[in-house]
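Student: I've got a model open on my screen and I'd like to learn how to read it. Can you walk me through it?

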Amino acid sequence: MAFFDKLFSGLSKTRKQLDDNLAEVFDRDRIDEDFYDDLEELLILSDIGVTATQNIIDDLRRDEYYEHIRKPKALGMHMVKKIEQIMSTCESDYSFEEKKSVVLVVGVNGVGKTTTIGKLASQYMARGRKVMVAAADTFRAAAQEQLAVWAERSGALLVAGSDGQDPSSVVYDAISSARSKDIDILLIDTAGRLNNKKNLMEELAKMKRIIDREYPESCKETLIVLDGATGQNALEQARQFKEVTDVSGVIITKLDGSAKGGIAIAIQSELQIPVKYIGVGEGIDDLQKFDAKEYVRALFYKEVNDEDGDKEQ
Ligand SMILES: Nc1nc2c(ncn2[C@@H]2O[C@H](COP(=O)(O)OP(=O)(O)OP(=O)(O)O)[C@@H](O)[C@H]2O)c(=O)[nH]1
Ligand SMILES: [Mg+2]
């Protein structure tokens, strides 16, 4: 199945709940307080979140007034366009891919960090970049092996620590190896769980310090991986990681399952961190750069394809 089709079917639950009801609201003949109330409720239910919803509604009220939008349908199309704009990434969001960079991949356990690193490594290798992956998840015994499999599959070099080794020392070793081997992109896999959350966060901060100290001239990227099926929890996780470290991008995985599709919008508007990649499955090609246009098309199918909104019937 093509990437878009997986995304489209993964978001079907959200779309059914959101899009069908939106169609009813946008089909009304006037814009009034009921219209805004109902729209607000629908957006919040789809996991777009209170803050993002509030921003969207405020924007719509302003644009209705200043741009003299009179028809609910026109305002609906306007809303979708706005969301697409909010979600659009810039080219510079991916500039690290073309430089010498260190990418720290963080997130709670089970969200898909190791798998995502494997997919990224494969894709960068296929584009001719020299890639190294570092297994700084020394907490879980199987973690190193799992990354080793991906390294083998992608052809990326692997630096692994021993079980229980200080993760920061693995990072240290990986950086010196990456520098001596002229590696382009170093991807660092981290543990999703330590004995407690405080340790996890402290460990991350320490790894960041090592990267800054040992490889100051590199382009530094911290990507947080979030499971798209966990809705508002994912937002909360992103918030917590953002408190302790500069997160430069978000990766939302598992958008092929019964994902709560609005969560990407919530994260972008509440935390102002761009969603850079999305995952829609376990295969190498099931990770792609986030495409705001496709995402919006998958989520608001009826609003976007008003004339031929029959794909789902
Ligand atoms: N359906 C689906 N499954 C995924 C996706 N990404 C990862 N997974 C699966 O999610 C499970 C957990 O993935 P891991 O990569 O091991 O997650 P992790 O964050 O490294 O987990 P820890 O190392 O325990 O913290 C695996 O079974 C993956 O195959 C995705 O986009 N879609
Ligand atoms: Mg892992």
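Tutor: We'll go from confidence to overall shape, then to one helix, the ligand and two odd backbone angles.

Tutor: Ground rules: residues are numbered from 1 along each chain as its sequence is written, and chains are lettered from A and ligands numbered from 1 in the order in which they are written. This is a predicted model, where local features need pLDDT of at least 70, side-chain atom pairs count only at pLDDT 80 or more, and totals for chains, interfaces and linings use all residues.

Student: What average pLDDT does the protein have?

Tutor: pLDDT is the predictor's confidence in each residue, from 0 to 100. Here the protein averages 90, and 96% of the residues score at least 70. Over residues 307–313, though, pLDDT stays under 50. Where pLDDT is low, the predicted coordinates should not be read in detail.

Student: What radius of gyration would a compact globule with 313 residues have?

Tutor: The rule, taken over C-alpha atoms, is 2.2 Å times the number of residues to the power 0.38. That puts a compact globule near 20 Å, and the protein agrees with 21 Å. Its C-alpha trace spans about 65 × 35 × 35 Å along the principal axes.

Student: Which residues of helix H10 are buried?

Tutor: Helices are DSSP runs (H or I, at least four residues), as are strands (E, at least two), numbered from the N terminus. A residue is buried with 20 or more other C-beta atoms within 10 Å of its own, exposed with 12 or fewer, and partly exposed in between; C-beta atoms are placed from the backbone. In H10 (residues 232–244), the buried ones are Ala-234, Leu-235, Gln-237, Ala-238 and Phe-241. They sit on the same side of H10 because they cover an arc of only 160° around the axis, counted from the directions from the helix axis to the C-beta atoms. The face turned away from that side carries exposed Glu-236 and Glu-243.

Student: Which residues come nearest to ligand 1?

Tutor: Near means a C-beta atom, placed from the backbone, within 6 Å of the molecule or strand. Of the 21 residues around ligand 1, the nearest are Gly-112, Thr-114, Thr-115, Gly-192 and Gly-279. Helix H6 (residues 113–126) gives the largest share of that shell, 3 residues.

Student: Which loop holds His-68?

Tutor: Most residues other than glycine have a negative phi. His-68, not a glycine, has a positive phi of about 50°, in the loop between helix H4 (50–66) and helix H5 (72–87). Gln-272 also has a positive phi, about 60°, and lies in the loop between H11 and strand S7 (275–279).

Methods:
Contact = placed C-beta atoms within 7 Å.
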